[in-house]
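Dear colleague,

I am passing on the structure we spoke about, and below it you will find a short account of what was found. Please keep it open while you read.

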Amino acid sequence: MIAELGNFALIVALMAALWQAVFPLMGAVRRDRALAAGSANSALAQLALIAFAFGCLTIAYAQSDFSVANVVQNSHSAKPFVYKLTGVWGNHEGSMLLWVLILAVFGAAVAMTRAGSLKVVTLAAQGAIAAAFIAFILFTSNPFERVLPAASDGMDLNPLLQDPGLIIHPPFLYLGYVGYSVTFAYAIAGLIRGRIDAEWARAVRPFALAAWVFLTIGIAIGSWWAYYELGWGGFWAWDPVENASFMPWLAGTAFLHSVRVVEKRGALKVWTVLLAILAFSLSLVGTFLVRSGILTSVHAFAVDPERGMFILAILALAIGGALTLFALRAGALRAEGAFQPASREGALIVNNVLLVTMTATVFIGTFYPLFIDVLTGERLTVGAPYFNAVFAPLTLLLLFAMAPGAVLAWKKGRLGAAFRQAAPAAGAAAVAMIIALWMTWPKSAAAAFAAGLAVWAGGGALIELARRVDLFSSPKRSLARFAGLPRSFIGMTIAHVGMAVVIIGAMGAGVWRTETVRLMNIGDVISAGGYEATLKSVDEVQGPNFISETATFDISRNGRQLDSFAAERRYYPVRQMQTTEAAIRTTFFGDFYLSVGERQTEAGWAVKAWYNPLVLWLWLGSGLLALGGVVAALPAAQRKPVQSPAAEGAPA
Amino acid sequence: MSRLFLYLPLALFALLAAWFAVGLRHDPSRIPSVLIDKPLPEFSLPAIEGHDNALSSENIVGEVALVNVFASWCVPCAIEHPQLMKIAAEEDLLITGINWKERPGDGAAWLRRLGDPYNYIGDDADGRVAIDFGVTGAPETFVVGHDGRIRYKQVGPITEQIWTEDIKPVVDQLRKEAEK
């Protein structure tokens, strides 16, 4: 019964979405206020209906209702309760339902904004996207399908997905992907109305920031999960699906920067609209990639051309339609403000060109194998060496441009003055570079250089902050000035520092790490990065739905005894799969990471030990990036009556 | 001129969409086999430890058969194994195994633990025969017709879906041909 209710709610939600896409728009054209105002209500109704459907599926999972095909395929009565619930989105059908639920949440958020024709047109575009994806679920991937007679027990969830990191990773990623549907819908509305202006930019920016923050967190959690669960000590593999989440992030980052120019200076309109379309298009391509199985990847759940074709059709309609509209209407957009190359606007263009080039390199690397396959039938893969070789120099350029970009003034800046102002950051960067080189020699000098550039980039942002608050006057005055700073500027500073921290963490975990492998028996010692681990015991432990081989190690550092920790290999009998649970000891300076492999007959267990410096910085830096986004999205504080010094240096 | 530029993104996307549409028809795990419709390579392998039935090409020719390349060290093989057990129980079909690059005893121990679906098993410890078959990894499964020709190649584990949708139709077709 519950499954049928969910199915029914979803069908009604489809109706609501279709209504929202068509009628309010007619109302706007005919100047029929009542009809136009209906779009907000239908967006809210759609949210209620989809939330209800999602609740129904969750109940089916909670009750282990094995007459529902989706539950049979992805759950098991012995599975821990929390994973029964999260199993709702650990599979194709359920995750698509989550996708439209989030779409409805964003639709409702738009519905709560100030009334106006921009909102009506935006909601219409949003409704069309929702209708397409709800139809996709109903026609090709219905999670409410029954199996009769009911199965006696389920097939369990892929054990790799039975993990706390995976509880929150997909929702955040989807919040990011889907959040860009709002910027996309706003871009459509802007093109239809022929007005891309400061009002448009102010309306779209909070949504773009929200999507970006969620995507940042989602990518970071995914990377964290790969780090501790996959047992190879790495955090980023340039896997097609990782790239699929990274491309909208890059395009979205570019958008965040260029939309500032639209808001502040009324320039870069055509380009900004194109970026808004691009960010969501890449999100859709990401969905297409995962859901169609067109590329092989650890994430591709199933190869299913029928679903792929349906998503491709949605893609063609949405992106093709948007780009057609763009081609027809973007020519009418007029830039208002002129600016000199050496200005904040100029720096943001450099930022945009670099970020879009980076997006393109990731895109080419991800899809090149498919391209070659279609042309010649030959199979190949593009690996990390390509990405590192192409991506790294672009990142270095971006880091280099970040410091002057943060200190340049709008409209007309002075490049020489900007570099002079950033000089202390250059000093700090040189020191950082020398320290890194000294500590990591003979590892790659390029990594030390990158770390130095990161300090330069973060330092540039901090110097501008120091100047704005007049740091070297008096603490009281600085605090007062700090309170008066625009949120967007504080957010930018935090995010730039976060970016620097992430880069340094990436150098540590990616380049400066050390690795040891050996066969171990009880009592043997393995060491990496000054840590020593002694294998104490290997026991078989029975988990709720797995059997674990738990290896316990005593660890010491430089002869000093520390605690003990355990690495596991788990065997999930229902799925006949094995997973590794690495043992990780985290400090601010680095992680000691152990992973246990298969037992090699009498020789012992194959154990790998890594010392991964600065891994924590990756997660801290990602947190700072997200925090910066949140701060920038906060509504501006009520402007106090003008204080005398605040007028100077008109804040960006 | 600048107006024409605005059509550029659309044109690029149209190309991309066409290319995706073609790409969708390509199965990413497909590796074209040069052996399809060619006769089975001639080989003779010793039995694995603890088994009596060794495997040579003569055991296969004249019957519709599956030749499954497996190893105890291969995780996807463990995923595939229950499906093979099911096929062995439900179908009257010759199932043969090539135990690939295995240390003595490991393959037999693995089969004792999980069950043995094979009529004949050959021990291909150095991987010579697998090379003749063009094997790139385990598991791989070849469907051989009664005329001794390889008719289908499956790369990666046989799941229930792959069995019912892809392999079983080929097997049924081959059986019909054999009856004629």
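Two strands are said to pair if DSSP finds at least two bridges between them. In this predicted model, strand β4(B), residues 94-100, and β5(B) meet that condition, pairing in the parallel sense over five bridges. One of the residues involved is Trp100(B), whose bridge partner in β5(B) is Asp124(B). As general background, the strands of a sheet pair through backbone hydrogen bonds, either parallel or antiparallel.

These two strands belong to an open sheet of five strands in chain B, with the order β5-β4-β3-β6-β7 and mixed pairing. Its edge strands, each of which pairs on one side only, are β5(B), residues 120-124, and β7(B), residues 150-155, and the twist averages 20° from one strand to the next. Helix α7(B), residues 160-179, packs on the sheet, where it touches β6(B) and β7(B), and its direction makes about 165° with that of β7(B).

Turning to the nonpolar cores, the largest has 211 residues, and those with the most contacts inside it are Val100(A), Phe133(A), Ile277(A) and Ala451(A). Helix α8(A), residues 198-229, contributes the largest share of this core, with 20 residues. If residues up to four places away in sequence are not counted, Ile277(A) touches Phe184(A), Ala187(A), Ala322(A), Leu323(A) and Phe326(A). There is also a second, separate core of 39 residues, which includes Ile87(B), Ile98(B), Ala108(B) and Trp163(B).

With best wishes

Notes
Residues are numbered from 1 along each chain as its sequence is written. Chains are lettered from A and ligands numbered from 1 in the order in which they are written. This is a predicted model: local features need pLDDT of at least 70, side-chain atom pairs count only at pLDDT 80 or more; totals for chains, interfaces and linings use all residues. Helices (H or I, at least four residues) and strands (E, at least two) are DSSP runs, numbered from the N terminus. Axes are lines fitted to C-alpha atoms, for helices over the stretch in contact, and angles run from 0 to 180 degrees between N-to-C directions. Two residues are in contact if their C-beta atoms, placed from the backbone, lie within 7 Å. A nonpolar core is a set of buried Ala, Val, Leu, Ile, Met, Phe, Trp, Tyr and Cys residues joined through C-beta atoms within 7 Å. A residue is buried if 20 or more other C-beta atoms lie within 10 Å of its own, exposed if 12 or fewer, and partly exposed in between; C-beta atoms are placed from the backbone.
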